[in-house]
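Welcome! Please take a look at the structure below, and then let us walk through it together.

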Amino acid sequence: MTRREGSAFSGLGVVFLKEFADQLSGTRMRLLEALIVLTAMATIYAAIQTIKNVVGEDVFLFLRLFTTAKEPLPSFVAFAGFLVPLLAIALGFDAVNGEFQRRTLGRVLSQPIYRDALLFGKYLAGLATLALVLLAVWLLITGLGILFTGLAASGEEVARSLLYLAATLAYGGVWLAVALFFSVVFKSPTTSALAAIGVWLFFTVFWGMIAGLLAPVISPVHYGFPEEVLRQAQTELALARLAPNTLYAEATLALLQPEVRALGPVLPAQLEGMVLGTPLPLSQSVLLVWPQFAGLIAAGVLFFTLAYVVFQRMEIRA
Amino acid sequence: MMAAIETQGLTKRYGRLVAVEDLDLVVERGEVFGILGPNGSGKTTTILMLLGLTEPTAGTVRVLGRDPVREPLKVKRRVGYLPDTVGFYDELSGRENLRYTAQLNGMRGPAVEARIEELLGQMGLLDAADRPVRTYSRGMKQRLGLADVLLKEPELVILDEPTLGLDPQAAHEFLGLIRSLKERGLTVLLSSHLLHQVQAITDRVGLFRKGRMELVGSVPELAKKVLGGAYRIRVRAEGEGLESALAAIPGVLRVRRENGGFLLETERDLRPDVARAVVREGGRLFGLELEEPSLDEIYRAYFEEVNRDAA
Ligand SMILES: Nc1ncnc2c1ncn2[C@@H]1O[C@H](COP(=O)(O)OP(=O)(O)OP(=O)(O)O)[C@@H](O)[C@H]1O
Ligand SMILES: [Mg+2]
């Protein structure tokens, strides 16, 4: 029997492995996997139908697998943008209050681990589960895409789609942290699930509207000067970017559609010297989405920190 | 060497409600200490503060010489804690739950598996060891909880109502277990409402009331304080007019009639005088014994007294 001297992350690995195993063996995982696989199949089917007609006209055919929609099915990207937050919330909404309900928290926290290790272990386990699911879906799409269309993905396309996957993971990480936060704040898993979904709905459905209403108040257009109009558009965009879904949508756009050269309002002056429609090299696209990427990670860190602060001082009465 | 537990002016407030007030508690190493008191008197809150599971509003805590808030790992590595309602991961087996606890304590390897096996055996859980905890009864979970506490080979164990839900046989075995822990030099702090059990295993007890530990000491010490050092003599006798004859003996404070005889409260050991009085009255004497005061009586007498005073 050996005893490890404790660091701040003493027990992190143990917690992570247990939680990861729990996630993978849980029933909710089976349901979510089925859901994800189903949507992946449906969208790939739609995409393949459409793509077959345009083979040869498009250099980034492989990326079109992810972005092509065919009525009535949305594109995979649209599906993922909708499902990943729900998946992340499902993985995290009862992380802490579930242990309260099972009355295991007092027992676990009287073992020699810090509370951070428990919280972080749970977060990482959720993130790893998410990563695993996303990777599986990616492999599914890539495999089926190559099989049915016979197209070969270029190195750049593979890199772009994997970066898109990373952005998706970062986006999922935000909602996982939100769910974790509510699971610390609320004692009932039902409440925390509703709260997390409420926040997600707020940003997805209402925030764009609110940004549209607030922008004219903050930056009014008095005389109709182009500068004024531009400032208002910029304000609206800045407000919209407070929502993680905006950041994610922008990152997705720039990564999967290389011809996107700028995010947000573009001035004619900026377009000078550009050949419209020429794709951006990968490194430039990455530079373009870097702020969005950083924003998503920052949002995740923010909510995790909030959860941590509340959890740290919480009374653990079984 | 420092005491196992030492608190000074320990206080916990919830808003305006004072759950624990100005507690000075010292539990020596190797001691078995019982905390008693009515529901809501602050026992669990005290225990939570000792473990750093809730923050004290004021005062200091030392557990095994360390502050559980500032050095939680060093304290928790050496302290075993059984919460008042113990829970496990339902979908895992008893063995897997114990294994997880072992891993959280950084214990690995075949020696750990052997130790888990041994504890499961000791708690009579070998048959159920590989069944999910979901299928355990209340008392089986409680036993598993005790195994969980002992797994890390603690120096101090803190048990919040440990015999809750145990059947009489298991409760009895549990008392034996506590005694064996004491023999091995462990310190034990436990809260319980089962006073005869507490009396059977503790060296000292503390009586809580409304967040204050109002009395502390060994059972004879408490008896002296609460029952006024009275002797109690149980007389099993039959005969006419015995009650008044007994009451007339100098030194007898009270005579209470009970099944098959009388219970006397006296100033001294008056057994010879009682025997003489019974014989003189022509009564038939079957038994005469000097009674140790029970914790049960002390407890009842104390709370009757303070409640009367409060009313
Ligand atoms: N989170 C809380 N918020 C407010 N008051 C609380 C909280 N937790 C406990 N209390 C109060 O603190 C007091 C002490 O509670 P505690 O749980 O320590 O009692 P106890 O002696 O363990 O009782 P029992 O014998 O029922 O287990 C009670 O009056 C209780 O209502
Ligand atoms: Mg209690």
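How much area do chain B and chain A bury between them? The figure is about 3400 Å², with 53% of it on carbon and sulfur atoms. Buried area here is the accessible area (1.4 Å probe) that two parts lose on being put together, summed over both.

A word on the ground rules. This is a predicted model, in which local features need pLDDT of at least 70 and side-chain atom pairs count only at pLDDT 80 or more, while totals for chains, interfaces and linings use all residues. Residues are numbered from 1 along each chain as its sequence is written, chains are lettered from A and ligands numbered from 1 in the order in which they are written, and side-chain values use heavy atoms, with hydrogens and water left out.

**Where the chains meet**

Chain B brings 39 residues to the contact and chain A brings 33 residues; contact means heavy atoms within 4.5 Å. Between the two chains there are 3 salt bridges, each a side-chain nitrogen of Lys or Arg within 4 Å of a carboxyl oxygen of Asp or Glu. Try finding the salt bridge between the side chains of Glu91(B) and Arg102(A), at 3.6 Å from N to O.

**Chain B as a whole**

The C-alpha trace of chain B spans about 75 × 45 × 35 Å along its principal axes. Of its 311 residues, 53% are buried, that is, under 20% relative accessible area, where exposed is over 50% and partly exposed lies in between (1.4 Å probe, protein chains only). Chain B holds 11 helices and 14 strands; these are DSSP runs numbered from the N terminus, with at least four residues for helices (H or I) and at least two for strands (E).

**Two open sheets in chain B**

Two strands pair if DSSP finds at least two bridges between them. The table introduces two sheets.

| Strand order (chain B) | Strands | Pairing |
|---|---|---|
| β6-β7-β8-β4-β9-β10 | 6 strands | mixed |
| β12-β13-β11-β14 | 4 strands | antiparallel |

In the sheet of 6 strands, the edges are β6 (79-82) and β10 (212-217) of chain B, each pairing on one side only. The twist averages 15° from one strand to the next; angles run from 0 to 180 degrees between N-to-C directions, and axes are lines fitted to C-alpha atoms, for helices over the stretch in contact. Strand β9 (residues 204-209) of chain B runs antiparallel to β10(B), joined by 5 bridges, and Phe208(B) stands opposite Met213(B) in β10(B). Helix α1 (residues 43-50) of chain B packs on this sheet, with a direction about 150° from that of β7(B).

In the sheet of 4 strands, β12 (252-258) and β14 (284-291) of chain B are the edge strands, and the twist averages 20° from one strand to the next. Here β12(B) and β13(B) (residues 261-266) pair over 6 bridges, and Val252(B) has Thr266(B) as its bridge partner in β13(B). Helix α10 (residues 271-280) of chain B packs on this sheet, touching β11, β13 and β14 of chain B.

**Nonpolar cores**

A nonpolar core is a set of buried Ala, Val, Leu, Ile, Met, Phe, Trp, Tyr and Cys residues joined through side-chain atoms within 4.5 Å. The largest has 106 residues, and Leu65(A), Phe66(A), Phe311(A), Ile158(B) and Leu189(B) touch the most other members. Helix α8 (residues 155-185) of chain A gives the most to this core, with 14 residues. Leaving aside neighbours within four places in sequence, the contacts of Leu65(A) include Ile44(A), Ile51(A) and Gly145(A). A second, separate core has 54 residues, among them Val32(B) and Val226(B).
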